[in-house]
Amino acid sequence: MTVTFFTEAVSEAPVKRDSGRYLVAIATPGEGTSGYYSESVLQDFGPVAFPAGAKSFINHESKRDMRDCIGVFPEGAYWDEDRKQLMGELDVFPHWAEF
């Protein structure tokens with residue numbers, strides 16, 4: 001089994017949508033926590049790295065603990081050309097809702 005960890009943090013706060021999901025900026029081109037990501041890399045491979053059902057964790061620990069899984073991206077990620085960011089709608093698990 002192959003497991004891929006993509007560890008990035010962005011400073012933009014998620015926006016809660018009417019659907020109850022949060023619009024999240026997953027990654028922005030440039031130097032990040034785990035490397036440098038060009039616009040073309042995020043555009044071409046970001047949606048592959050975050051397919052439908054991809055999990056999101058509250059921290060950047062390399063050893064994942066499922067208790068730190070805050071939610072899932074039901075439809076995966078997409079490149080937003082206007083924002084120039086890799087975006088996704090996060091469905092937050094109920095026990096993390098207040099956080």
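1. Val41 is partly exposed, having a relative accessible area of 33%, and in this predicted model the residue sits in helix α1, which covers residues 39-49. Together with Phe45 and Val48, Val41 makes up a nonpolar patch on the surface, and the accessible area of the three residues taken together is about 290 Å². Since a patch takes in residues with over 30% relative accessible area, Val41 qualifies with its 33%.

2. For a reader new to the chain, the overall layout may help in placing this helix. The chain contains one helix and eight strands, and the order of these elements, read from the N terminus, is β-β-β-β-α-β-β-β-β. Of its 99 residues, 34% count as buried, while the accessible surface of the chain amounts to about 6500 Å², with 52% of that surface belonging to carbon and sulfur atoms. When contacts between residues at least 6 apart in sequence are considered, 51% of them join residues at least 24 apart.

3. The structure holds one aromatic pair, and this pair is formed by Phe50 and Phe73, whose rings are arranged edge-to-face, with 6.0 Å from centre to centre and 85° between the planes. Phe50 lies in the loop between α1 and β5 (54-57), whereas Phe73 belongs to strand β6 (residues 69-73), so the pair ties together parts of the chain that are 23 residues apart in sequence. The label edge-to-face applies because the angle of 85° is over the cut-off of 60 degrees. Both Phe50 and Phe73 are buried, whereas Val41 in helix α1 is partly exposed.

4. A further point concerns the strands β7 and β8, which pair in the antiparallel sense over four bridges. One detail of this pairing is that Trp79 has Leu86, in β8, as its bridge partner. The two strands form a hairpin with four residues between them, and within this hairpin Lys84 takes a positive phi near 60°.

5. Which backbone angle of Lys84 deserves a second look, given that this residue is other than glycine? The angle is phi, which is near 60° and therefore positive, and most residues other than glycine have a negative phi. Lys84 is located in the loop between β7 (77-80) and β8 (85-92). As for its surroundings, is Lys84 buried or partly exposed? Lys84 is partly exposed, because its relative accessible area is 32%, a value that falls between the limits of 20% for buried and 50% for exposed.

Conventions. Residues are numbered from 1 along each chain as its sequence is written. This is a predicted model: local features need pLDDT of at least 70, side-chain atom pairs count only at pLDDT 80 or more; totals for chains, interfaces and linings use all residues. Side-chain values use heavy atoms; hydrogens and water are left out. Patches are made of residues with over 30% relative accessible area and no salt bridge: like charges are joined within 9 Å, nonpolar side chains (Val, Leu, Ile, Met, Phe, Trp, Tyr) within 5 Å. Accessible areas come from the Shrake-Rupley method with a 1.4 Å probe; for residues, only the protein chains shown count as cover. A salt bridge is a side-chain nitrogen of Lys or Arg within 4 Å of a carboxyl oxygen of Asp or Glu. Buried means under 20% relative accessible area, exposed over 50%, partly exposed in between (1.4 Å probe, protein chains only). Rings of Phe, Tyr and Trp (its six-membered ring) pair if their centres lie within 6.5 Å; planes under 30 degrees apart count as stacked, over 60 as edge-to-face and the rest as tilted. Contact means heavy atoms within 4.5 Å. Two strands pair if DSSP finds at least two bridges between them.
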